[in-house]
Amino acid sequence: MTTPLPAGVTPRIFSGIQPSGGLTLGNYLGALKRFVEKQDEGIETVYCLVDMHAITVWQDPAKLRHATREAAAGFIAAGIDPARSILFNQSQVTAHVELGWIFNCVARMGWMGRMTQFKDKAGKNSENVSLGLFAYPALMAADILAYRATMVPVGEDQKQHLELCRDIAIKFNNDYKVDFFPVVEPIIEGAATRVMSLRDGTKKMSKSDPSDQSRINLTDDADTIAAKIRKAKTDPEPLPDSLEGLKDRPEARNLVNIYAALAGATPDAVVGEYAGAQFGKFKPALADLAVAKLSPITTEMTRLMADPAEIDRILGAGAERAETLARPVVEQVYDIVGMIRSRR
Ligand code: TYM
């Protein structure tokens, strides 16, 4: 059920990706490809490279700068048009951290402690991770709500963070007796909302996995993509004739999902087409499809990366547009909270 929007709020999409390493096929199918679809549907779209989130774990400064530019190049190469979507890096729009602080004072310690992503990242070492990593989801809520965005396309792993964003919006509205922040709708759609590791079908494909064989990077060349798919873990059985038959075969299911998402088909249609086929047949077909879909993006990224000044210009122009949307929202929040704003 959708909650009615507060007065003055119009449908708007916001989403973000951390520039902490290269973009993976998981980022592409779970997020970026959907960002492009939403842009092309004509909804107002705001997309952010969340560099402030990236530094919640250690980032080498030169690598962070490079990864931010590379991610921006990936967005544009995949079809984000900086004239239609707002594309920028988070640290250039200070509204995010300003609202993030206010949300640190709204969110409760218990809520944050229940975040599975924090527990996974902190592991047994929770005394020794940064305070920023613990507060991460409050900054994420600020990213979204600084634009009073209503819809957030993400992969499945972000679902719990978006529930927390809803809780923060509701608590803020209740505490201050206002109907100010919308309760956002997560958009988790498509055949590949959770792309798994190519080495272990029970683990998410991730840029932080120590094994490069576990993932396809948007910077991989055609031979590397094909080799990684050829070597992907599978089982000895042929593909079944229905999805039911993939229930306990996570690696096989993952490859079917990837194929479906790349082809713009449903997993049902893919098993229908390849019923009874061995992986000796399916993997080369998947490799060809992946190369056909990803290679043009990789080539365009390389071309764009040859002119880093132009990428920086695009991010700067995007940040200015983002600022014009977020600044009035944050000023209203300061007013609601009771801050004196007499400087301007
Ligand atoms: P991040 O940088 O880990 O991932 C960016 C997006 O890619 C999706 N994704 C995947 N989807 C399917 N399969 C996978 N294996 C896979 N790996 C990643 C993620 O779900 C995400 O949509 N906290 C966020 C960044 C963020 C954000 C936001 C997102 C900060 N502020 C505001 C939305 C709105 C993150 O770490 O994503």
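## Ligand shell

A residue counts as near the ligand if one of its heavy atoms lies within 4 Å of it. In this predicted model, 27 residues surround the ligand. The closest are Tyr136, Asp143, Gly155, Asp157 and Val195.

By class, the shell around the ligand comprises 12 nonpolar, 10 polar and five charged residues. Strand S1 (12-17), helix H1 (25-40) and helix H7 each contribute at least two residues to this shell.

## Polar contacts and cover

Polar backbone atoms of three residues may be listed with their ligand partners. Gly155 has a polar backbone atom 2.8 Å from an oxygen atom of the ligand. For Val195, a polar backbone atom is 2.8 Å from a nitrogen atom of the ligand, and for Met205 a polar backbone atom is 3.0 Å from a nitrogen atom of the ligand. On its own the ligand has 710 Å² of accessible area, of which the protein covers 97%.

## Helices H7 and H8

Helix H7 spans residues 131-145 and helix H8 spans residues 159-175. Their axes come within 9 Å and cross at roughly 70°. Angles of 65 to 115 degrees count as roughly perpendicular, so H7 is roughly perpendicular to H8.

On the H7 side, the residues in contact are Tyr136, Pro137, Ala138, Met140, Ala141, Ile144 and Leu145. They meet His161, Leu162, Leu164, Cys165, Ile168 and Ala169 of H8. By class, this contact of H7 with H8 has 12 nonpolar residues, one polar residue and no charged residues. Tyr136 of H7 takes part in the contact with H8 and is also listed among the residues closest to the ligand.

Methods:
Residues are numbered from 1 along each chain as its sequence is written. This is a predicted model: local features need pLDDT of at least 70, side-chain atom pairs count only at pLDDT 80 or more; totals for chains, interfaces and linings use all residues. Side-chain values use heavy atoms; hydrogens and water are left out. Axes are lines fitted to C-alpha atoms, for helices over the stretch in contact, and angles run from 0 to 180 degrees between N-to-C directions. Helices (H or I, at least four residues) and strands (E, at least two) are DSSP runs, numbered from the N terminus. Angles under 35 degrees count as roughly parallel, over 145 as roughly antiparallel, 65 to 115 as roughly perpendicular and the rest as oblique. Contact means heavy atoms within 4.5 Å. Ala, Val, Leu, Ile, Met, Phe, Trp, Tyr, Cys and Pro count as nonpolar, Asp, Glu, Lys and Arg as charged, and the others, Gly among them, as polar. A polar contact is a pair of N or O atoms within 3.5 Å; within protein, one must be able to donate a hydrogen and the other to accept it, and residues adjacent in sequence count only if both atoms are side-chain atoms. Accessible areas come from the Shrake-Rupley method with a 1.4 Å probe; for residues, only the protein chains shown count as cover.
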